[in-house]
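Q: Please take a close look at one strand in the middle of this model. I would like to know how it is paired, how it is connected and what surrounds it.

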Amino acid sequence: MKTALVTGASSGIGFEICKKLLGLDYKVYGVSRNKPDLDLEFFQVDVTKTKELEDLKKNIKEPLDLLINCAGVGHFGQHEDLKPKDLEKMISTNLTAPIITTNIFLKDLKKQKGTVINITSITGKENAKFGAAYGATKAGLESFGKSLFDEVRKSGVRVVNIAPDITDTRFFDELMFRPEDSPEAKIEPQSVANGVEFILNQPEGTVITELTIRPQKILINKKPKL
Ligand SMILES: NC(=O)c1ccc[n+]([C@@H]2O[C@H](COP(=O)([O-])OP(=O)(O)OC[C@H]3O[C@@H](n4cnc5c(N)ncnc54)[C@H](OP(=O)(O)O)[C@@H]3O)[C@@H](O)[C@H]2O)c1
């Protein structure tokens, strides 16, 4: 049985990826602060705390075949209006944590000729007005994934960036905008999980290094101010 660790397991994209991997008969270690309602081995970890990530490694005995760096948060708005504490937490969650998690598990992933999948974002590829800092975390993660693949490809490790566009999750709950309620305006988190399956199904020697998933249209609504 193959083993996978998924950060951000409690909701949205990470939750759907965990469901998919369980269906593919993986042993799944789910990591988040809240427990997902899924039959997996759960570790309550705040990925911004390096000590908790190091302890996680001690608690996982077998080498991983798959690491999915999915945990993330978004703070959007005029840059000067964002709170420094929120920015610090966002950079730590979206960029520092996946780099450190990968560092901690990479030796094992090399032994297994495993796969690292980073959930980046379309905002890392484009200018992100009102999301300059969020976009920077995702562009940084994308750059990390690309360079890491160059570094580890000889060892048989695959490194993949999946860049979703607007996805229908609770990500938008605290934001001042959300996609219109139309199937053409957003993708479903299941589509990202299907992307993971597609990546894993490639024959040995073939690596999908990047996958971008977009809705047909851009239809975004500003939320009314409370
Ligand atoms: N939704 C979109 O439109 C979209 C588009 C492109 C990329 N993405 C990216 O996709 C990823 C998943 O987002 P989502 O849309 O599925 O949003 P979501 O439903 O809000 O899920 C975010 C996940 O990250 C976890 N998380 C956040 N901070 C954490 C921390 N400090 N420690 C551990 N876990 C933490 C949350 O778990 P707990 O709160 O339980 O800890 C939750 O499981 C993120 O990296 C996001 O940037 C989303």
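A: What follows describes strand 5 and its surroundings.

This is a predicted model, in which local features need pLDDT of at least 70 and side-chain atom pairs count only at pLDDT 80 or more, while totals for chains, interfaces and linings use all residues. Residues are numbered from 1 along each chain as its sequence is written.

Strand 5 covers residues 115–119, and 5 of its 5 residues are buried, so the strand is largely enclosed by the rest of the structure. Strands here are DSSP runs of E with at least two residues, helices are runs of H or I with at least four, and both are numbered from the N terminus. Buried means that 20 or more other C-beta atoms lie within 10 Å of the residue's own; exposed means 12 or fewer, partly exposed is in between, and C-beta atoms are placed from the backbone. In a regular strand the side chains alternate between the two faces of the sheet. In strand 5, Thr115, Ile117 and Ile119 point one way, and Val116 and Asn118 point the other way.

The strand belongs to an open sheet of 7 strands with parallel pairing, in the order 3-2-1-4-5-6-8. The edges are strand 3 (41–44) and strand 8 (210–213), each with a single partner strand, so one side of each has no neighbour in the sheet. Two strands count as paired if DSSP finds at least two bridges between them.

On one side, strand 5 pairs in the parallel sense with strand 4 (residues 66–69) over 4 bridges. Here Ile68 stands opposite Ile117, and Asn69 stands opposite Asn118. Strand 6 (residues 158–164) also runs parallel to strand 5 and is joined to it by 5 bridges. Ile117 has Val160 as its bridge partner in strand 6.

The connections to both partners pass through helices. Strand 4, helix 3 (residues 84–111) and strand 5 form a right-handed β-α-β unit. From strand 5 the chain crosses through helix 4 (residues 132–152) to strand 6, again as a right-handed β-α-β crossover. Right-handed means that, with the strands pointing away from the viewer, the path from the first strand over the helix to the second runs clockwise.

In the loop between helix 4 and strand 6 sits Ser155. Ser155 has 13 other C-beta atoms within 10 Å and is therefore partly exposed. Its C-alpha atom is separated by 9.4 Å from that of Gly114, 41 residues apart along the chain.
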